[in-house]
Amino acid sequence: MENLDAARLQMAFTLIFHIVFACIGMVMPFFMVVSHYKWLKTKNQVYLTLTKAWQKGVAIFFVTGAVSGTALSFELGLLWPEFMKHAGPIIGMPFSLEGAAFFIEAIALGFYLYGWNKLPEKFHWFTGVIIGLSGVASGILVVAANGWMNSPSGFDYIDGQFLNIDPVQAMLNPAWFTQALHMTLAAFTATGFAVAGIHAYQVYKGKRVDLHTKAFNIAVTFGAIAAILQPLSGDISAKNIAERQPVKLAAMEAHYNTERGAPLYIGGIVNPKTQEVNYKIAIPGMLSFLAFGDFDAEVKGLNDFPEDERPNVPIVHYAFQTMVGIGGMLMLAGLLYFISLKKKQWFKNKKYWLFFVALAPLGFIALEAGWIVTEVGRQPWIIHKIMKTRDAVTPMPGIVFSFYMYILVYLTLSVAVTWLMIRQIKVLNAKK
């Protein structure tokens, strides 16, 4: 395996795992503090039990997120030294601020875990809020750095040199807001439906129905609201991409030829050789409208760009279709949940709970697909229009062994987390 292929696979593999740990660690504190708030207001023992169960989950994912994130940060220097040589001084600010947010989160978590019956109730609850807010801030800051790779700013690039560096402008690059908004909503959607699905399964099995129903309602409310808002975020992101990275938009839609009134493709199988998309549903003019707000607007096709500057079209297109398709399903599921609040009899039907069990993994599948669109869609650039990925990779041999080591580390983490979470559910169900 060539160094470039091994480095790209390692980065992809570790991101696929870390993003799950990070999103759960970012969102679950909000479930915990809502349950805690309900305990403070009602003194219902079920909410206290649920809060203490969820705080253990928050602690587990905080630790695994820290470990997997630290390993990921080492990868940047190990795999992409040429990138870090130039990018480090430019996007060091969001990374350093993310470190500060992480430490605040760690301190607040310590207060929360060990503050029961020792701190004033309201202050103790507020430390849980800080855990959630600092976790979201960490995620936004990391995404800001990734946004810079898609929309580099805050420097002048003259004769191969990065000059006149402005780290604030780099951090607040044109892509940071749309990416951060889309990613945050995706994290809440994925985690909300995943946690709701786990508790729905316990209700389906008839185990501690009262507790798991309350847990389901808290988690799915967050997931449903985020899923309903996500299409608006997606529309903002698509319009932003159409301006900044038209080649990525063309790959997302497998749109080869520049044309006015460009159709939107739903589904389809891409044939790169013939530059056709077979078996798709085409909606005339809709791509032009979604990208530019005008049914007759011109949309650039892939053939307008050099062949060596195009991403892998089938991968980007299929990932985009997967993300949008699942996103639409979860939005409808969110609406269905809010309708069910008025139709209480649905909660007595086992098929209702089984439906949400089936939805549990879909949010994270859509999340992973979205990151594939973001990262593969930028290729062959590691810094868009500035530095190609092949020019940033380490010249040192043997990266394939690092790849195997990281596979072992992340699989071990995943097995450990899965075992711990199953154990937590069993302990919770065994309590009276």
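At what angle do the axes of helix 1 and helix 7 cross, and within what distance do they come? In this predicted model, the two axes cross at roughly 130° and come within 10 Å, with helix 7 covering residues 209-244. Angles over 145 degrees would count as roughly antiparallel, so at its own value helix 1 is oblique to helix 7. The crossing of this pair is right-handed. If you would like to find the meeting point, look on helix 1 for Phe30, Phe31, Val34, Ser35 and Lys38, which touch Ile218, Ala219 and Phe222 on helix 7. Sorted by class, this contact of helix 1 with helix 7 holds six nonpolar residues, one polar and one charged.

Let us stay with helix 1 and turn to another partner. Helix 1 runs over residues 3-42 and packs against helix 14, residues 399-430, at an angle of about 15° and with 9 Å between the axes. Because angles under 35 degrees count as roughly parallel, helix 1 and helix 14 are described as roughly parallel to each other. Here the crossing is left-handed. On the helix 1 side, the contact is formed by Asn3, Ala6, Ala7, Leu9, Gln10, Phe13, Thr14, Phe17, His18 and Phe21. Their counterparts in helix 14 include Ile399, Phe403, Tyr406, Tyr410, Leu413 and Val417. By class, the contact of helix 1 with helix 14 has 15 nonpolar and six polar residues, and no charged ones.

Next comes helix 2, and its N-terminal end is a good place to begin. Asparagine 44 caps that end, placing a side-chain oxygen 2.9 Å from the backbone nitrogen of valine 46. How far apart are the end C-alpha atoms of helix 2? At 1.5 Å a residue, its 35 residues should span 51 Å, and the end C-alpha atoms are indeed 51 Å apart, so expectation and model agree.

Helix 2 (residues 45-79) also packs with helix 3 (residues 81-114), at an angle of about 160° and with axes 12 Å apart. That angle makes helix 2 roughly antiparallel to helix 3. The pair has a left-handed crossing. Among the residues making the contact are Val58, Phe62 and Leu76 of helix 2, along with Phe95, Phe102 and Glu105 of helix 3. By class, the contact of helix 2 with helix 3 has 15 nonpolar residues, three polar and one charged.

Further along the chain, helix 10 can be checked in the manner used for helix 2. Its N-terminal end is capped by asparagine 312, with a side-chain oxygen 3.3 Å from the backbone nitrogen of isoleucine 315. Helix 10 has 28 residues, 313-340, which at 1.5 Å a residue should span 40 Å; the 40 Å between its end C-alpha atoms agrees.

Two loops deserve a stop before you leave. One of them joins strand 2 (161-163) to helix 5 (167-171) and contains asparagine 164. Phi of asparagine 164 is near 50°, a positive value in a residue other than glycine. The other loop, between helix 12 (362-376) and strand 7 (381-383), holds proline 380. The peptide bond leading from glutamine 379 to proline 380 is cis, with omega near 15°.

Terms used:
Residues numbered from 1 in each chain as written. Predicted model: local features only at pLDDT ≥ 70, side-chain atom pairs only at ≥ 80, totals over all residues. Heavy atoms only, no water. Axes fitted to C-alpha atoms, helices over the stretch in contact; angles between N-to-C directions. Helix = DSSP H or I, 4+ residues; strand = E, 2+ residues; numbered from the N terminus. Parallel < 35°, antiparallel > 145°, perpendicular 65-115°, else oblique. Left-handed = near helix turned anticlockwise from the far one by under 90°. Contact = heavy atoms within 4.5 Å. Nonpolar A, V, L, I, M, F, W, Y, C, P; charged D, E, K, R; others polar. Expected span 1.5 Å × (residues − 1). Polar contact = N/O pair within 3.5 Å; in protein donor to acceptor, adjacent residues only side chain to side chain.
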